[in-house]
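Biologist: Can you pull up the model with the ligand in it? I'd like to go through what sits around the ligand.
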Amino acid sequence: MPDFQPVLFFFSPLLQFPWLFIFVTSLSISIGAALCALVVYRKQLIWQRETAERLEDSIQSRTLELQVALTELGEKNRALEEQNTLDALSGVRNRAYFDKKIQAEMKRSRREQRPLALVMLDIDHFKQINDQHGHLAGDAVIRGVAQRIQSLLKRSSDHVCRYGGEEFALILPNTDADGVVALAEQIRQSIADTPFDTEIGALSVRISAGCYAAIAESAMVSSNYIQAADEALYRAKHGGRNQVQLTPAPSAETAAGQPVTEPTEGTADESEL
Ligand SMILES: Nc1nc2c(ncn2[C@@H]2O[C@H](COP(=O)(O)OP(=O)(O)OP(=O)(O)O)[C@@H](O)[C@H]2O)c(=O)[nH]1
């Protein structure tokens, strides 16, 4: 049996005054309850803070993961966009890229008042290559010509695009008539001088090129450039192939119709293929 004697001794005066007993008891209970509430509140605060910290950490790591994923996605998108501008067979830019690029470069030419040059370049008698050596050899020639042109372009702003079939278009910003003819002639010469390796052996190839260079005027559209270069290409083909022709810009004094470069001796047009 516990000894309640000391407790009774402590409370005995209080028991004589019930209202004091009630007051002290209520006060003790209130203080106890308040202390309990304080402890619970403090624990809740700590728990909330820890939860908030955990949440913040988790948000930070997720944000980082998201940023990495977005960067990767951006890179993949760019690679895909880049892929979409390339011609599958030749590896150079495709026609869709050409259509956009020429318009952008015409705007730049107009804005900066600098000449923009276009070359339309076509492999001579390409049908005969296909017919005599097969389409795989023809494909190898298209690839070889594309790479050769690419290797001869010196400025990063120069672009070679496969315009279609065995025809290529070169966009050469900041290039005047003399410059475009010199470059086209260098390409023609290199292609004529060095045969292309194919599965059936080395094949000699010739090309014809039509050039046009002008500062784009506000009324001009891309088809004006293409038409002018095409006219020069037509003259090159009909003038004997394996040559470069220029359509002068309206203000230029050069007379149209004169071959800018003559067929190189020993590079017979029909007999080679
Ligand atoms: N192997 C191959 N042949 C193609 C490709 N695209 C177009 N051709 C062929 O290229 C040939 C082009 O023939 P033409 O337009 O007569 O031109 P060409 O024989 O070069 O004659 P000229 O341009 O007048 O010198 C056609 O036989 C097409 O089938 C291709 O991707 N691969």
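Biologist: Which helices and strands each supply at least two residues of the shell around the ligand?
Modeller: Bear in mind that this is a predicted model. In it, strand β1 (116-123) and the helices α4 (126-133) and α5 (135-152) each supply at least two shell residues.

Biologist: And which one gives the most?
Modeller: α5 does, with 4 residues.

Biologist: How many residues surround the ligand, and which are the closest?
Modeller: There are 17 around the ligand, and H125, F126, N130, D139 and R162 are the closest.

Biologist: How do the shell residues divide into nonpolar, polar and charged?
Modeller: 8 are charged, 5 are polar and 4 are nonpolar.

Biologist: Back to N130. What does the side chain of N130 have 2.8 Å away?
Modeller: A nitrogen atom of the ligand lies at that distance from a side-chain N or O atom of N130.

Biologist: What about backbone atoms, say at K127 and H135?
Modeller: K127 has a backbone N or O atom 2.8 Å from a ligand oxygen. At H135, a backbone N or O atom is 3.2 Å from a ligand nitrogen.

Biologist: What share of the ligand's exposed area does the protein bury?
Modeller: The ligand taken alone exposes 670 Å², and the protein buries 66% of that area.

Biologist: Different topic. How is the chain divided into domains?
Modeller: Domain 1 covers 1-84 and domain 2 covers 95-247.

Biologist: How many Å separate their centres?
Modeller: Taken over C-alpha atoms, the centres of domain 1 and domain 2 are 76 Å apart.

Methods:
Residues are numbered from 1 along each chain as its sequence is written. This is a predicted model: local features need pLDDT of at least 70, side-chain atom pairs count only at pLDDT 80 or more; totals for chains, interfaces and linings use all residues. Side-chain values use heavy atoms; hydrogens and water are left out. A residue is near a molecule or strand if one of its heavy atoms lies within 4 Å of it. A polar contact is a pair of N or O atoms within 3.5 Å; within protein, one must be able to donate a hydrogen and the other to accept it, and residues adjacent in sequence count only if both atoms are side-chain atoms. Accessible areas come from the Shrake-Rupley method with a 1.4 Å probe; for residues, only the protein chains shown count as cover. Ala, Val, Leu, Ile, Met, Phe, Trp, Tyr, Cys and Pro count as nonpolar, Asp, Glu, Lys and Arg as charged, and the others, Gly among them, as polar. Domain bounds come from an automatic or database domain assignment.
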